[in-house]
Amino acid sequence: MTDEIRDADGCEDYESLEESGLHNVANDDLETEDVIGGETDDGEPEIVEPDPLEQAVQAANDKYMRLFAEFDNFRKRTAKEKAETYQDAVAKTVLELLPAVDSFERAMEAPCTDDAYRSGMEKIYQQMTGIFEKLGVAEIPALNEPFDPKVHNAIRQVEDENFGESTVCEVYQKGYRLGDRIIRCAMVAVAN
């Protein structure tokens, strides 16, 4: 029996067989007639067909595992699509609101003698920026930053000794991002 196991396991010596634990298997547990099914008339071993009920259970189990894996993939894909759909909706909504935010910023930069009017404008602007923060929308830093074509849209080059080479020296329109996604690039002038 040890030689049969040694040949089947591919072990060359008794020590490796001992390490694998196969030498402790009792002879009653591995009867060759159960595995091979006896011998035919010409002396060849007869191969016993597996039980059809066992095959049906194995096939049903395989089908169940495949169905479970497909459902798990579907669940993950649906969750990912739902998150992406939400991000798309937020980005499109914010993009439509940005011109109004730009108008508020320009209005607050203009000289105003009425303090109540100015205070009201600032409060509305703070509300809008607060909503953007809750949604995860952040302004893209631009002024005095190195020019990055991924987030900055250069519309002009300026010769200015006060700024380093390829540095943003003016911001015409602020850029915004939602997480890693760019909603709108910053429109800037770049110094040479």
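The legends below go with a set of close-up views of this predicted model.

**View 1. A three-stranded open sheet, in the order β1-β4-β5.** The pairing here is antiparallel. At the edges sit β1 (137-140) and β5 (181-184), each of which pairs on one side only. Going from one strand to the next, the twist averages 35°.

**View 2. Strand β4 alongside β5.** Look here for the three bridges that join β4 (residues 175-178) to β5. The two strands run antiparallel, and L178 of β4 has R181 of β5 standing opposite.

**View 3. Helix α4 lying across β1, β4 and β5.** This helix takes in residues 52-109 and runs at about 40° to β5. With its 58 residues, α4 reaches 84 Å from first C-alpha to last, which is close to the 86 Å expected at 1.5 Å a residue. Follow α4 along to L97 and you will find a bend of about 35°. A proline, P99, follows within four residues of that point.

**View 4. The buried side of the story for α4.** Among the buried residues of this helix are V90, A91, V94, L98, V101 and F104. Charged residues appear on the list too, including D72, D102 and E105. What covers the buried residues of α4 includes α5 (115-135) and β3 (167-173), along with β1, β4 and β5.

**View 5. D62 and R66, a salt bridge within α4.** The closest N and O atoms of this pair are 3.1 Å apart. Both residues belong to helix α4 and are four residues apart, about one turn of the helix. An α-helix has 3.6 residues a turn, so residues three or four places apart point the same way. D62 is partly exposed, at 38% relative accessible area, whereas R66 counts as exposed at 54%.

**View 6. K76 and D72, another salt bridge in α4.** Their side chains meet at 3.4 Å, N to O. Here too the partners are four residues apart, or about one helical turn.

**View 7. K174 and E139, a salt bridge between the β3-β4 loop and strand β1.** The N to O distance for this pair is 3.5 Å. K174 lies in the loop between β3 and β4 while E139 is in β1, so the salt bridge ties together parts that are 35 residues apart in sequence. Both partners are partly exposed: K174 has a relative accessible area of 24%, and E139 has one of 42%.

**View 8. A network of D72, R75 and K76.** Salt bridges with shared partners join these three residues. In total, the structure holds nine salt bridges.

Terms used: Residues numbered from 1 in each chain as written. Predicted model: local features only at pLDDT ≥ 70, side-chain atom pairs only at ≥ 80, totals over all residues. Heavy atoms only, no water. Pairing = 2+ DSSP bridges. Axes fitted to C-alpha atoms, helices over the stretch in contact; angles between N-to-C directions. Contact = heavy atoms within 4.5 Å. Expected span 1.5 Å × (residues − 1). Bend = angle between axes of the 7 residues up to and from the residue. Buried < 20%, exposed > 50% of the residue type's maximum accessible area, 1.4 Å probe, protein only. Salt bridge = Lys/Arg side-chain N within 4 Å of Asp/Glu carboxyl O.
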